[in-house]
Amino acid sequence: MGTEPLGFGRHFTGHMALARWTPEAGWSDVELSAHAPLALSPAAMTLHYGQAIFEGLKAYPRADGSLSLFRPGANAERFNLSAARLAMPELPPAVFVEACELVASADADQVPRGPGQSLYLRPFMIATEPSLGVRPALEYLFAVIGSPVDHFFADGHQAIDVWCSSDRIRAARGGTGAAKCAGNYAGSLAVKAEAVAQGCHEVLWLDAEERRWVEELGAMNFFCVTRDEGGAPLLVTPPLSGTILAGNTRDSLLRIASDLGVRVAERPVSLVELTAGDGRVTEAFACGTAASVVPIGAVTTKERRVRIGDGHPGKITTRLRDELAAIQYGLQPDPYGWTHPVPGATPAPVGPSV
Ligand code: PLP
Ligand code: COI
(Lines give C-alpha, C1' and ligand atoms only; values in the text may rest on other atoms or scores of the structure.)
(Ligands and ions follow the chains in the order given, each with its own letter.)
Protein backbone atom coordinates (compact mmCIF):
# COMPACT_ATOMS: atom_id res chain seq x y z
CA MET A 1 0.00 0.00 0.00
CA GLY A 2 3.12 2.23 0.04
CA THR A 3 2.94 5.68 1.60
CA GLU A 4 -0.37 6.59 -0.03
CA PRO A 5 -3.18 7.20 2.46
CA LEU A 6 -5.38 4.14 2.97
CA GLY A 7 -8.56 6.09 2.35
CA PHE A 8 -11.88 4.38 2.90
CA GLY A 9 -12.85 1.09 1.26
CA ARG A 10 -10.12 1.08 -1.36
CA HIS A 11 -8.09 -1.86 -0.08
CA PHE A 12 -9.27 -5.28 1.05
CA THR A 13 -7.82 -7.87 3.38
CA GLY A 14 -6.94 -11.41 2.38
CA HIS A 15 -10.03 -13.28 3.54
CA MET A 16 -13.78 -13.35 3.33
CA ALA A 17 -16.45 -15.40 5.07
CA LEU A 18 -19.34 -16.93 3.11
CA ALA A 19 -22.57 -18.79 3.78
CA ARG A 20 -25.42 -19.77 1.45
CA TRP A 21 -29.14 -20.18 1.97
CA THR A 22 -31.83 -22.26 0.31
CA PRO A 23 -35.37 -22.91 1.58
CA GLU A 24 -34.64 -26.64 1.92
CA ALA A 25 -31.28 -26.47 3.72
CA GLY A 26 -31.50 -23.06 5.44
CA TRP A 27 -28.09 -21.47 6.09
CA SER A 28 -24.92 -23.45 5.42
CA ASP A 29 -22.02 -23.22 7.87
CA VAL A 30 -19.90 -20.08 7.49
CA GLU A 31 -16.68 -20.77 5.63
CA LEU A 32 -13.55 -18.68 5.51
CA SER A 33 -11.83 -18.41 2.13
CA ALA A 34 -9.46 -16.12 0.24
CA HIS A 35 -10.98 -12.76 -0.78
CA ALA A 36 -11.78 -13.45 -4.43
CA PRO A 37 -14.35 -12.60 -7.13
CA LEU A 38 -17.75 -14.26 -6.76
CA ALA A 39 -19.25 -16.37 -9.54
CA LEU A 40 -22.74 -15.02 -10.17
CA SER A 41 -25.31 -15.82 -12.86
CA PRO A 42 -26.18 -12.79 -14.98
CA ALA A 43 -29.75 -13.68 -14.05
CA ALA A 44 -28.99 -13.48 -10.29
CA MET A 45 -32.00 -11.69 -8.86
CA THR A 46 -29.94 -9.17 -6.90
CA LEU A 47 -28.82 -7.67 -10.22
CA HIS A 48 -32.37 -7.10 -11.41
CA TYR A 49 -34.64 -6.37 -8.49
CA GLY A 50 -32.12 -5.22 -5.93
CA GLN A 51 -32.45 -7.67 -3.08
CA ALA A 52 -29.19 -6.55 -1.49
CA ILE A 53 -28.60 -5.50 2.11
CA PHE A 54 -25.44 -4.70 4.00
CA GLU A 55 -23.93 -3.67 7.32
CA GLY A 56 -20.84 -1.78 8.40
CA LEU A 57 -18.87 -2.25 11.61
CA LYS A 58 -15.28 -1.88 12.66
CA ALA A 59 -12.63 -3.95 14.43
CA TYR A 60 -10.63 -1.42 16.47
CA PRO A 61 -6.95 -2.08 17.28
CA ARG A 62 -5.89 -1.73 20.91
CA ALA A 63 -2.59 -0.80 22.45
CA ASP A 64 -1.97 -4.41 23.57
CA GLY A 65 -2.26 -5.62 19.96
CA SER A 66 -5.74 -7.13 20.32
CA LEU A 67 -8.82 -6.18 18.29
CA SER A 68 -12.31 -5.45 19.40
CA LEU A 69 -15.59 -5.15 17.51
CA PHE A 70 -18.06 -2.48 18.55
CA ARG A 71 -21.61 -3.68 19.30
CA PRO A 72 -21.65 -6.38 16.60
CA GLY A 73 -24.90 -7.78 18.03
CA ALA A 74 -26.64 -4.50 17.20
CA ASN A 75 -25.49 -4.77 13.57
CA ALA A 76 -26.72 -8.38 13.49
CA GLU A 77 -30.16 -7.29 14.69
CA ARG A 78 -30.36 -4.43 12.21
CA PHE A 79 -29.29 -6.81 9.43
CA ASN A 80 -32.34 -8.93 10.20
CA LEU A 81 -34.64 -5.90 10.16
CA SER A 82 -33.25 -5.04 6.72
CA ALA A 83 -33.66 -8.67 5.61
CA ALA A 84 -37.29 -8.75 6.72
CA ARG A 85 -38.06 -5.49 4.85
CA LEU A 86 -36.58 -6.89 1.63
CA ALA A 87 -38.23 -10.32 2.01
CA MET A 88 -34.84 -11.99 2.52
CA PRO A 89 -34.08 -14.78 5.03
CA GLU A 90 -32.98 -13.79 8.51
CA LEU A 91 -29.56 -14.87 9.69
CA PRO A 92 -29.00 -16.06 13.29
CA PRO A 93 -27.20 -13.15 15.01
CA ALA A 94 -24.55 -15.56 16.37
CA VAL A 95 -23.70 -16.56 12.77
CA PHE A 96 -23.39 -12.91 11.73
CA VAL A 97 -21.02 -12.20 14.63
CA GLU A 98 -19.04 -15.41 14.05
CA ALA A 99 -18.45 -14.46 10.40
CA CYS A 100 -17.18 -11.00 11.44
CA GLU A 101 -14.90 -12.55 14.05
CA LEU A 102 -13.52 -15.05 11.52
CA VAL A 103 -12.46 -12.36 9.05
CA ALA A 104 -11.09 -10.00 11.71
CA SER A 105 -9.14 -12.79 13.34
CA ALA A 106 -7.76 -14.23 10.07
CA ASP A 107 -6.65 -10.76 8.89
CA ALA A 108 -5.59 -9.29 12.26
CA ASP A 109 -2.11 -8.73 10.83
CA GLN A 110 -3.57 -6.46 8.13
CA VAL A 111 -5.33 -4.09 10.52
CA PRO A 112 -3.72 -0.64 10.36
CA ARG A 113 -2.79 0.70 13.76
CA GLY A 114 -2.32 4.44 13.21
CA PRO A 115 -4.55 7.12 14.77
CA GLY A 116 -8.17 6.82 13.63
CA GLN A 117 -7.44 3.65 11.65
CA SER A 118 -9.29 0.37 11.90
CA LEU A 119 -10.59 -2.65 9.98
CA TYR A 120 -13.97 -1.88 8.41
CA LEU A 121 -16.06 -5.04 8.07
CA ARG A 122 -18.73 -5.17 5.41
CA PRO A 123 -21.27 -7.98 5.91
CA PHE A 124 -23.80 -8.23 3.07
CA MET A 125 -26.48 -10.48 1.64
CA ILE A 126 -27.58 -10.79 -2.00
CA ALA A 127 -30.16 -12.83 -3.90
CA THR A 128 -28.25 -15.29 -6.09
CA GLU A 129 -31.08 -17.32 -7.61
CA PRO A 130 -31.09 -17.03 -11.41
CA SER A 131 -34.62 -15.91 -12.26
CA LEU A 132 -36.44 -12.92 -13.68
CA GLY A 133 -39.59 -13.62 -11.68
CA VAL A 134 -40.61 -10.61 -9.59
CA ARG A 135 -40.77 -12.36 -6.20
CA PRO A 136 -38.41 -13.06 -3.28
CA ALA A 137 -35.48 -15.19 -4.45
CA LEU A 138 -34.98 -18.75 -3.28
CA GLU A 139 -31.17 -18.63 -3.00
CA TYR A 140 -29.00 -16.15 -1.11
CA LEU A 141 -25.36 -15.51 -0.35
CA PHE A 142 -24.17 -13.94 2.91
CA ALA A 143 -20.59 -12.68 3.01
CA VAL A 144 -18.24 -10.57 5.10
CA ILE A 145 -15.25 -8.78 3.59
CA GLY A 146 -12.71 -6.55 5.37
CA SER A 147 -11.13 -3.24 4.42
CA PRO A 148 -8.28 -1.51 6.29
CA VAL A 149 -9.40 2.11 6.57
CA ASP A 150 -8.48 5.61 7.59
CA HIS A 151 -11.03 8.05 8.79
CA PHE A 152 -13.86 8.31 6.23
CA PHE A 153 -13.21 11.98 5.42
CA ALA A 154 -9.69 12.75 4.28
CA ASP A 155 -9.57 15.75 6.63
CA GLY A 156 -11.30 13.97 9.48
CA HIS A 157 -11.40 16.61 12.17
CA GLN A 158 -12.59 19.63 10.20
CA ALA A 159 -16.17 20.78 10.04
CA ILE A 160 -17.91 19.91 6.76
CA ASP A 161 -20.28 21.97 4.62
CA VAL A 162 -23.59 20.32 3.77
CA TRP A 163 -26.04 20.79 0.91
CA CYS A 164 -29.75 20.71 1.59
CA SER A 165 -31.79 19.79 -1.46
CA SER A 166 -35.54 20.11 -1.14
CA ASP A 167 -36.10 18.54 -4.59
CA ARG A 168 -35.07 14.98 -3.91
CA ILE A 169 -35.55 12.81 -0.86
CA ARG A 170 -33.87 9.74 0.62
CA ALA A 171 -36.82 7.98 2.23
CA ALA A 172 -40.56 8.19 2.63
CA ARG A 173 -42.81 6.70 5.29
CA GLY A 174 -43.57 3.08 4.47
CA GLY A 175 -40.48 2.87 2.22
CA THR A 176 -37.07 1.32 2.90
CA GLY A 177 -35.34 4.22 4.68
CA ALA A 178 -34.99 2.34 7.96
CA ALA A 179 -33.40 -0.65 6.18
CA LYS A 180 -29.77 -0.75 5.12
CA CYS A 181 -30.44 -1.82 1.53
CA ALA A 182 -28.27 -1.05 -1.48
CA GLY A 183 -30.99 0.83 -3.37
CA ASN A 184 -31.15 3.57 -0.72
CA TYR A 185 -27.54 4.43 -1.48
CA ALA A 186 -27.96 4.25 -5.27
CA GLY A 187 -30.75 6.79 -4.98
CA SER A 188 -28.56 9.16 -2.99
CA LEU A 189 -25.64 9.35 -5.41
CA ALA A 190 -26.98 11.93 -7.87
CA VAL A 191 -27.84 14.21 -4.94
CA LYS A 192 -24.38 13.73 -3.47
CA ALA A 193 -22.94 14.78 -6.84
CA GLU A 194 -25.15 17.88 -6.66
CA ALA A 195 -23.75 18.61 -3.17
CA VAL A 196 -20.19 18.32 -4.44
CA ALA A 197 -21.01 20.63 -7.37
CA GLN A 198 -22.19 23.16 -4.77
CA GLY A 199 -18.83 22.92 -2.99
CA CYS A 200 -20.31 20.83 -0.15
CA HIS A 201 -19.25 17.47 1.30
CA GLU A 202 -22.57 15.79 2.02
CA VAL A 203 -26.34 15.97 1.64
CA LEU A 204 -28.68 17.06 4.42
CA TRP A 205 -31.83 15.02 3.86
CA LEU A 206 -35.28 16.43 4.61
CA ASP A 207 -38.49 14.48 5.17
CA ALA A 208 -40.49 13.47 2.09
CA GLU A 209 -43.87 14.86 3.11
CA GLU A 210 -43.26 18.45 4.17
CA ARG A 211 -39.62 18.98 3.08
CA ARG A 212 -39.26 20.70 6.39
CA TRP A 213 -37.73 18.30 8.91
CA VAL A 214 -34.10 17.26 9.02
CA GLU A 215 -33.75 13.46 8.85
CA GLU A 216 -30.20 12.35 8.07
CA LEU A 217 -26.88 13.61 6.79
CA GLY A 218 -25.39 11.61 3.90
CA ALA A 219 -25.23 8.04 5.19
CA MET A 220 -25.10 9.24 8.78
CA ASN A 221 -27.43 10.31 11.57
CA PHE A 222 -27.86 13.97 12.47
CA PHE A 223 -27.45 15.77 15.81
CA CYS A 224 -27.41 19.39 16.90
CA VAL A 225 -26.87 21.26 20.14
CA THR A 226 -29.32 24.02 21.04
CA ARG A 227 -29.32 26.47 23.95
CA ASP A 228 -32.47 27.35 25.83
CA GLU A 229 -33.20 30.75 27.43
CA GLY A 230 -30.98 29.91 30.41
CA GLY A 231 -28.12 28.91 28.08
CA ALA A 232 -28.07 25.22 29.08
CA PRO A 233 -27.11 22.96 26.16
CA LEU A 234 -29.53 20.35 24.85
CA LEU A 235 -28.33 17.60 22.49
CA VAL A 236 -31.05 16.94 19.93
CA THR A 237 -31.51 14.27 17.27
CA PRO A 238 -34.58 13.52 15.12
CA PRO A 239 -36.70 10.62 16.40
CA LEU A 240 -36.61 7.27 14.55
CA SER A 241 -39.80 7.56 12.57
CA GLY A 242 -39.38 4.75 10.04
CA THR A 243 -37.50 6.87 7.50
CA ILE A 244 -34.23 7.12 9.44
CA LEU A 245 -31.66 4.36 9.83
CA ALA A 246 -31.27 3.49 13.52
CA GLY A 247 -27.54 4.09 13.88
CA ASN A 248 -25.46 2.31 16.48
CA THR A 249 -23.33 5.43 16.79
CA ARG A 250 -26.47 7.54 17.31
CA ASP A 251 -27.66 5.22 20.06
CA SER A 252 -24.22 5.09 21.71
CA LEU A 253 -23.80 8.89 21.68
CA LEU A 254 -27.24 9.44 23.23
CA ARG A 255 -26.19 7.16 26.07
CA ILE A 256 -22.70 8.62 26.50
CA ALA A 257 -24.03 12.20 26.43
CA SER A 258 -26.62 11.63 29.10
CA ASP A 259 -24.05 9.84 31.29
CA LEU A 260 -21.80 12.91 30.89
CA GLY A 261 -24.66 15.03 32.21
CA VAL A 262 -25.69 16.53 28.85
CA ARG A 263 -29.48 16.75 28.47
CA VAL A 264 -30.66 14.85 25.38
CA ALA A 265 -33.89 14.95 23.37
CA GLU A 266 -35.15 12.92 20.42
CA ARG A 267 -37.40 15.45 18.74
CA PRO A 268 -37.95 16.83 15.23
CA VAL A 269 -35.49 19.53 14.06
CA SER A 270 -36.71 21.78 11.25
CA LEU A 271 -34.49 23.29 8.57
CA VAL A 272 -35.83 26.67 9.72
CA GLU A 273 -34.58 26.04 13.26
CA LEU A 274 -31.20 24.83 12.03
CA THR A 275 -30.62 27.79 9.71
CA ALA A 276 -32.31 30.55 11.74
CA GLY A 277 -28.93 32.09 12.53
CA ASP A 278 -30.31 33.32 15.86
CA GLY A 279 -27.52 31.70 17.86
CA ARG A 280 -29.70 28.99 19.39
CA VAL A 281 -28.14 26.14 17.44
CA THR A 282 -24.55 26.24 18.61
CA GLU A 283 -23.26 22.95 17.15
CA ALA A 284 -24.30 20.30 14.65
CA PHE A 285 -22.70 17.02 13.68
CA ALA A 286 -23.30 13.79 11.81
CA CYS A 287 -22.34 10.35 13.06
CA GLY A 288 -21.86 6.83 11.79
CA THR A 289 -19.47 3.91 11.97
CA ALA A 290 -17.38 4.90 8.98
CA ALA A 291 -16.82 8.53 9.91
CA SER A 292 -17.47 8.47 13.68
CA VAL A 293 -18.47 12.05 14.60
CA VAL A 294 -18.29 14.70 11.86
CA PRO A 295 -18.81 18.36 12.78
CA ILE A 296 -21.06 20.39 10.46
CA GLY A 297 -19.73 23.90 9.81
CA ALA A 298 -22.33 25.31 7.43
CA VAL A 299 -25.59 24.48 5.67
CA THR A 300 -26.15 25.59 2.07
CA THR A 301 -29.62 25.73 0.51
CA LYS A 302 -30.70 27.07 -2.90
CA GLU A 303 -31.16 30.46 -1.25
CA ARG A 304 -28.22 30.87 1.10
CA ARG A 305 -25.33 29.51 3.14
CA VAL A 306 -25.67 29.60 6.92
CA ARG A 307 -22.79 29.00 9.29
CA ILE A 308 -23.49 26.75 12.27
CA GLY A 309 -22.06 28.09 15.55
CA ASP A 310 -18.64 29.56 14.77
CA GLY A 311 -18.16 27.18 11.83
CA HIS A 312 -15.66 25.05 13.79
CA PRO A 313 -16.11 21.74 15.64
CA GLY A 314 -18.07 22.48 18.83
CA LYS A 315 -17.12 21.54 22.39
CA ILE A 316 -19.83 18.94 22.91
CA THR A 317 -19.22 17.47 19.45
CA THR A 318 -15.52 17.09 20.19
CA ARG A 319 -16.08 15.67 23.69
CA LEU A 320 -18.53 13.05 22.39
CA ARG A 321 -16.20 12.06 19.56
CA ASP A 322 -13.29 11.63 21.98
CA GLU A 323 -15.32 9.67 24.55
CA LEU A 324 -16.65 7.29 21.90
CA ALA A 325 -13.21 6.74 20.35
CA ALA A 326 -11.70 6.10 23.81
CA ILE A 327 -14.17 3.26 24.36
CA GLN A 328 -13.82 1.86 20.84
CA TYR A 329 -10.00 1.84 20.92
CA GLY A 330 -9.89 0.59 24.52
CA LEU A 331 -8.25 3.76 25.87
CA GLN A 332 -10.74 3.88 28.69
CA PRO A 333 -12.94 1.24 30.32
CA ASP A 334 -16.20 0.37 28.61
CA PRO A 335 -18.96 0.64 31.23
CA TYR A 336 -21.61 -0.40 28.68
CA GLY A 337 -20.42 -3.83 27.54
CA TRP A 338 -20.25 -2.58 23.93
CA THR A 339 -16.77 -3.81 23.10
CA HIS A 340 -16.45 -7.37 21.83
CA PRO A 341 -12.95 -8.91 21.79
CA VAL A 342 -12.07 -10.74 18.58
CA PRO A 343 -11.08 -14.29 19.57
CA GLY A 344 -7.74 -15.34 18.17
CA ALA A 345 -6.66 -11.76 17.56
CA THR A 346 -5.39 -11.40 21.11
CA PRO A 347 -1.60 -11.36 21.28
CA ALA A 348 0.40 -13.73 23.44
CA PRO A 349 1.36 -12.10 26.75
CA VAL A 350 4.66 -10.23 26.54
CA GLY A 351 7.39 -10.66 29.16
CA PRO A 352 8.05 -13.30 31.79
CA SER A 353 5.01 -15.08 33.17
CA VAL A 354 4.70 -15.38 36.92
N1 PLP B 1 -27.73 6.44 8.43
C2 PLP B 1 -27.44 5.77 7.31
C3 PLP B 1 -28.30 5.96 6.11
C4 PLP B 1 -26.34 4.89 7.27
O5 PLP B 1 -26.03 4.22 6.16
C6 PLP B 1 -25.54 4.74 8.43
C7 PLP B 1 -24.40 3.84 8.43
O8 PLP B 1 -24.47 2.70 8.61
C9 PLP B 1 -25.90 5.45 9.59
C10 PLP B 1 -27.00 6.29 9.55
C11 PLP B 1 -25.12 5.31 10.85
O12 PLP B 1 -25.29 4.05 11.41
P13 PLP B 1 -24.19 3.40 12.34
O14 PLP B 1 -23.91 4.40 13.40
O15 PLP B 1 -24.81 2.15 12.86
O16 PLP B 1 -23.00 3.15 11.48
C1 COI C 1 -21.19 3.95 8.05
O2 COI C 1 -20.76 2.80 8.24
O3 COI C 1 -21.12 4.83 8.89
C4 COI C 1 -21.79 4.31 6.80
O5 COI C 1 -22.20 5.42 6.70
C6 COI C 1 -21.86 3.36 5.72
C7 COI C 1 -21.43 3.99 4.43
C8 COI C 1 -19.97 3.82 4.18
C9 COI C 1 -22.30 3.44 3.34
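**Figure 1. Threonine 249 and its partners around ligand 1.** A polar side-chain atom of threonine 249 sits 2.5 Å from an oxygen atom of ligand 1. Please keep in mind, here and in the views that follow, that this is a predicted model. Threonine 289 also offers a polar side-chain atom, placed 2.6 Å from an oxygen atom of ligand 1. A nitrogen atom of the ligand is involved too: glutamate 216 has a side-chain N or O atom 2.5 Å from a nitrogen atom of ligand 1. On its own, ligand 1 would expose 380 Å², and the protein buries 96% of that area. The surroundings of ligand 1 comprise 15 residues, of which Lys180, Tyr185, Glu216, Thr249 and Thr289 come nearest. To find your way along the chain, look for strand S12 (220-227), helix H6 (248-259) and strand S15, each of which supplies at least two residues of the shell around ligand 1.

**Figure 2. Ligand 2 and the residues around it.** Here the view turns to ligand 2, which has 9 residues around it. Tyr120, Ala219, Gly288, Thr289 and Ala290 are the ones that come nearest. Two of the contacts to look for involve the protein backbone. In threonine 289, a backbone N or O atom lies 2.9 Å from an oxygen atom of ligand 2, and in alanine 290 a backbone N or O atom lies 2.8 Å from an oxygen atom of this ligand. Tyrosine 120 uses its side chain instead, with an N or O atom 3.2 Å from an oxygen atom of ligand 2. Of the 290 Å² of accessible area that ligand 2 has when taken alone, the protein covers 86%. If threonine 289 looks familiar, that is no accident of labelling: its side chain also appeared beside ligand 1, with a polar atom 2.6 Å from an oxygen atom there.

**Figure 3. Glutamate 283, a buried acidic side chain without a salt bridge.** Glutamate 283 belongs to strand S15, which covers residues 281-288. What is the nearest side chain of opposite charge to glutamate 283? It is arginine 227, at 4.6 Å. A salt bridge needs the nitrogen and the carboxyl oxygen within 4 Å, and glutamate 283 has no such bridge although it is buried. Its side chain does have polar partners. One of them is the backbone nitrogen of isoleucine 316, reached at 3.1 Å, and another is the side chain of threonine 317, joined by a polar contact of 2.7 Å. Beyond its neighbours up to four places away in sequence, glutamate 283 touches Cys224, Val225, Ile308, Gly314, Lys315, Ile316 and Thr317.

**Figure 4. A salt bridge between aspartate 161 and arginine 305.** The structure holds 16 salt bridges, and this close-up shows the one between aspartate 161 and arginine 305, whose closest N and O atoms are 2.9 Å apart. The pair links distant parts of the chain: aspartate 161 is in strand S9 (residues 160-164) and arginine 305 in strand S17 (residues 305-307), 144 residues apart. Are the two partners buried or exposed? Aspartate 161 counts as buried, at 16% relative accessibility, whereas arginine 305 is exposed, at 52%.

**Figure 5. Two salt bridges that involve helix H6.** Side chains of opposite charge can pair when their charged atoms come close. In this view, arginine 250 and glutamate 266 meet in a salt bridge at 2.7 Å, N to O. Arginine 250 lies in helix H6 and glutamate 266 in strand S14 (residues 263-266), so this pair, 16 residues apart, links distant parts of the chain. Arginine 250 is buried, with 4% relative accessibility, while glutamate 266 is partly exposed at 47%. The other bridge joins the side chains of aspartate 259 and arginine 255, at 3.8 Å from N to O. Both of these residues lie in helix H6, 4 residues apart, or about one turn of the helix. Aspartate 259 is partly exposed, with a relative accessibility of 48%, and arginine 255 is partly exposed as well, at 44%.

**Figure 6. Alanine 179 in its loop.** Alanine 179 is found in the loop between strand S9 and helix H4 (182-186). Its relative accessible area is 4%, so alanine 179 counts as buried. Setting aside neighbours within four places in sequence, alanine 179 is in contact with Ser82, Arg85, Leu86, Asn184 and Leu245. For a sense of scale, leucine 40 is 139 residues from alanine 179 in sequence and 24 Å away in space, C-alpha to C-alpha.

Methods. Residues numbered from 1 in each chain as written. Chains lettered and ligands numbered in written order. Predicted model: local features only at pLDDT ≥ 70, side-chain atom pairs only at ≥ 80, totals over all residues. Heavy atoms only, no water. Buried < 20%, exposed > 50% of the residue type's maximum accessible area, 1.4 Å probe, protein only. Lys, Arg positive; Asp, Glu negative; His and termini not counted. Polar contact = N/O pair within 3.5 Å; in protein donor to acceptor, adjacent residues only side chain to side chain. Contact = heavy atoms within 4.5 Å. Near = heavy atom within 4 Å. Areas by Shrake-Rupley, 256 points an atom, 1.4 Å probe, with all protein chains shown as cover.
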